[in-house]
Amino acid sequence: MTDQADFIRIVKSEVLSEGFSVLKTNTFDYRRRNGQWQQLTRETYDAGDSTTVLLYNRAQRTVVLTRQFRFPAFVNGVTDGMLLETPAGKLDQDSPEERIKAEVLEETGYEIRQPAPLFEAYSTPGSVTEKLSFFTAEYDPERRQSRGGGVEDEGEDIEVLEMRFDEALSLIEQGRIKDMKTIVLLYHAALYLFKSTE
């Protein structure tokens, strides 16, 4: 982290909850562009940084997605709570590249060697501190080591789905893929990985 910017002065930070993630309320003085100082209070939700990857097979024109239950989505309108997603996971102490290799093996059973880094992004910068590292990686059906499914002790019960890329794109249009990271990666693939030559 760089030195504190001269336009912000943190007054206090208080932990509200510390369980799966850390929820804090933060009070700080912020110098506006007109030079005036304003005191603000914002809550931050810190679940750590994460990584995600789109598994694709260019020759087959397919992608691998997962389906799993997400409680926050369930309480916010997804009837069965099930979301279609790209494999992803928290970094813990690993690098994004090493973590995504492990997550892909756990969740899908595929072994990938060299995921290609794309970019880093914040999904909800107004309240969530998480920075997400995005990758793509070609998968080979012959390199599948297991059926995947995730780690049972961590509550994971993941279904692995291989589908045509065009079908995955259509699921976004139909409103059946609602996960932000997955939408970003599928549109990236449309622009660069499966770009039409017509």
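**A walk through the fold and two glutamates**

The protein chain holds 4 helices and 10 strands. Keep in mind as you look around that this is a predicted model. If you follow the sequence from its start, the elements come in the pattern β-β-β-β-β-α-β-β-α-β-β-β-α-α, so the chain opens with a run of strands and closes with two helices. Its C-alpha trace spans about 60 × 45 × 35 Å along the principal axes, and of the 198 residues, 36% count as buried.

With that overview in hand, let us visit two glutamates, one on each side of strand β9. Glu-130 sits in the loop between β8 (116-122) and β9, while Glu-154 belongs to the loop between β9 (131-138) and β10 (159-164).

Which of these is buried and which is exposed? Glu-130 has a relative accessible area of 14%, and because buried means under 20%, Glu-130 counts as buried. The side chain of Glu-130 also has a partner: a polar contact of 2.5 Å joins it to the side chain of Ser-50.

Glu-154 has a relative accessible area of 58%. Since exposed means over 50%, Glu-154 counts as exposed.

Where does the charge of Glu-154 fit in? Glu-154 helps to form a negative surface patch, together with Asp-92, Glu-152, Asp-153 and Asp-157. A residue needs over 30% relative accessible area to be part of a patch, and Glu-154, at 58%, therefore meets that cut-off. Glu-130, at 14%, does not, so it could not be counted in such a patch.

Note on methods
Residues numbered from 1 in each chain as written. Predicted model: local features only at pLDDT ≥ 70, side-chain atom pairs only at ≥ 80, totals over all residues. Heavy atoms only, no water. Patch = residues over 30% accessible without salt bridge, like charges linked within 9 Å, V, L, I, M, F, W, Y side chains within 5 Å. Areas by Shrake-Rupley, 256 points an atom, 1.4 Å probe, with all protein chains shown as cover. Salt bridge = Lys/Arg side-chain N within 4 Å of Asp/Glu carboxyl O. Lys, Arg positive; Asp, Glu negative; His and termini not counted. Charge placed at Lys NZ, Arg CZ, Asp CG, Glu CD. Buried < 20%, exposed > 50% of the residue type's maximum accessible area, 1.4 Å probe, protein only. Polar contact = N/O pair within 3.5 Å; in protein donor to acceptor, adjacent residues only side chain to side chain.
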